[in-house]
Structure formats: C-alpha cells, structure tokens
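I opened the entry to look at two things, the metal site and the enclosed space. My notes follow in the order in which I checked them.

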Amino acid sequence: MALLRIPEENRTIVNRDAIAARLAEAGIQYEMWTPEHPTSKDAPQEQILAAYSSEIERLKQSGGYVTADVINVNSQTPNLDAMLAKFSREHWHDEDEVRFIIAGRGIFHIHPKDSPVLAIEVEAGDLIRVPRGTLHWFDLCSDRQIRAIRLFQDMSGWTPHYTDSGVDARFQPVCFSDQP
Ligand SMILES: [Fe+2]
C-alpha cells in the first residue's frame, strides 16, 4: 500500500483514502486495484495485460488511452543508472503518466504549482495517474526494481521535458521502507 509524505510540512499520510484525497487536490489520481489478480512476478507481458484487462479497459475509456504495455526495470536492465538518471530529474510530459505497479517499489515526487511537493511511494496494487503537464520525477527504492503496467494516449507524447529547476535536488529520494 502506498504512503504519502509532504516533506515541507513534515507530514506522512498512511490512510489510503486520505492519500487519495490529498493527491486528488493536486490533480493526481490514486487508487488500489483490489483484489489483485494473481500473476507471477515474472509472468509474460501478455499474461499480465490479460489478467488486468477489465481495469485497463476502464482506464482506456476514462482517459483516452489507446495502448498498454508492461515496463520491467531491475538490476539486470542494461544502462540502469543512465535510465534512472532520466527519471529522477524534474520533468513533465505532453501526455498522462499512468502506472499500475505489479512488483517492486518506487517513489514519485509531484510538484504542484501552488502547493508543497508530494512524495508518493508506490508498490504492488497501486495505480497512479499523473496528468500531462504535471511536474514530477521518479526514483526506485533500494531494491532497485519495479514492474508496472503503463497506458499511453500517444507514445510520442511521452518524451520528457526537463525543467532543470534544481527543485528535485532538495528532496531525498529515500523510500520510507528504506529508512533505518
Ligand atoms: Fe515522467
């Protein structure tokens, strides 16, 4: 289950409904898909997409998404550090960033225009939708792995636009579960 931190307010929110409500204020959709559909962690993409086909269909209709795939990032991923360095700088996209986590963990920082930065830690069962134009960045947790369903309106719109604001450097990309 997800966990939401607001570092500038020194607040942590653990209640699922409270997390969803606080994220919704910033325009971010968060939900848990329950019950989870049993798929093995290394199931082929087609099997995962089939298991979650009804949820994917619902999202496609509500958000105009046309394709779905499964992204797999782990210590065996070639050029992992270079890839993670692209995710972890503040950026936005011309289309929504939609992720349903199958396995692993990660932390999205969301930077709303008029409110404090939100750090949302996600794990299996969590769905997050970051609307187009929203400033954000992403880091893995210490286990450095994540597997997630992605949905796209138009894959060409997913190119990151970097702000180079330096805001990301003010926040520790440390997952709650990794803290001593
Ligand atoms: Fe992104």
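For these notes I take a cavity to be a set of grid points where a 1.4 Å probe fits but cannot get out, and its volume to be the space filled by probe spheres set on those points. The model is predicted.

Cavity. I searched the whole structure and found one cavity of 30 Å³ or more. I noted about 160 Å³ of space in the largest cavity. I then listed its lining, which comes to 15 residues, with Phe87, Glu97, Arg99, Phe108 and Phe138 closest to the centre. By class I have nine nonpolar, three polar and three charged residues in that lining. I also checked which strands contribute: E4 (67-73), E6, E10 and E11 (146-152) each give at least two lining residues.

Metal site. I looked up the protein donors of the iron ion and found His91 (NE2), His93 (NE2), Glu97 (OE) and His136 (NE2), at 2.0 to 2.2 Å from the ion. Along the chain I read their spacing as H-x1-H-x3-E-x38-H. Glu97 sits in strand E6 (residues 97-104) and His136 in strand E10 (residues 135-140), so I logged the pair, 39 residues apart, as a link between distant parts of the chain. Glu97 and His136 are both buried.

Geometry. Is the site tetrahedral or irregular? The angles among the four donor atoms run from 83 to 170°. Tetrahedral needs all angles between 85 and 135 degrees, so I entered the site as irregular.

Overlap. Glu97 appears in both lists, as a donor of the iron ion and among the residues closest to the centre of the largest cavity.

Definitions and conventions: Residues numbered from 1 in each chain as written. Predicted model: local features only at pLDDT ≥ 70, side-chain atom pairs only at ≥ 80, totals over all residues. Heavy atoms only, no water. Donors = N, O, S within 2.8 Å, 3.2 Å for Na, K, Ca; no water. Tetrahedral: all angles 85-135°; square planar, octahedral: opposite > 155°, others 65-115°. Helix = DSSP H or I, 4+ residues; strand = E, 2+ residues; numbered from the N terminus. Buried < 20%, exposed > 50% of the residue type's maximum accessible area, 1.4 Å probe, protein only. 1 Å grid on protein atoms, 1.4 Å probe; cavity = no way out; pocket = protein on both sides within 12 Å on 5 of 7 lines; lining within 4 Å. Nonpolar A, V, L, I, M, F, W, Y, C, P; charged D, E, K, R; others polar.
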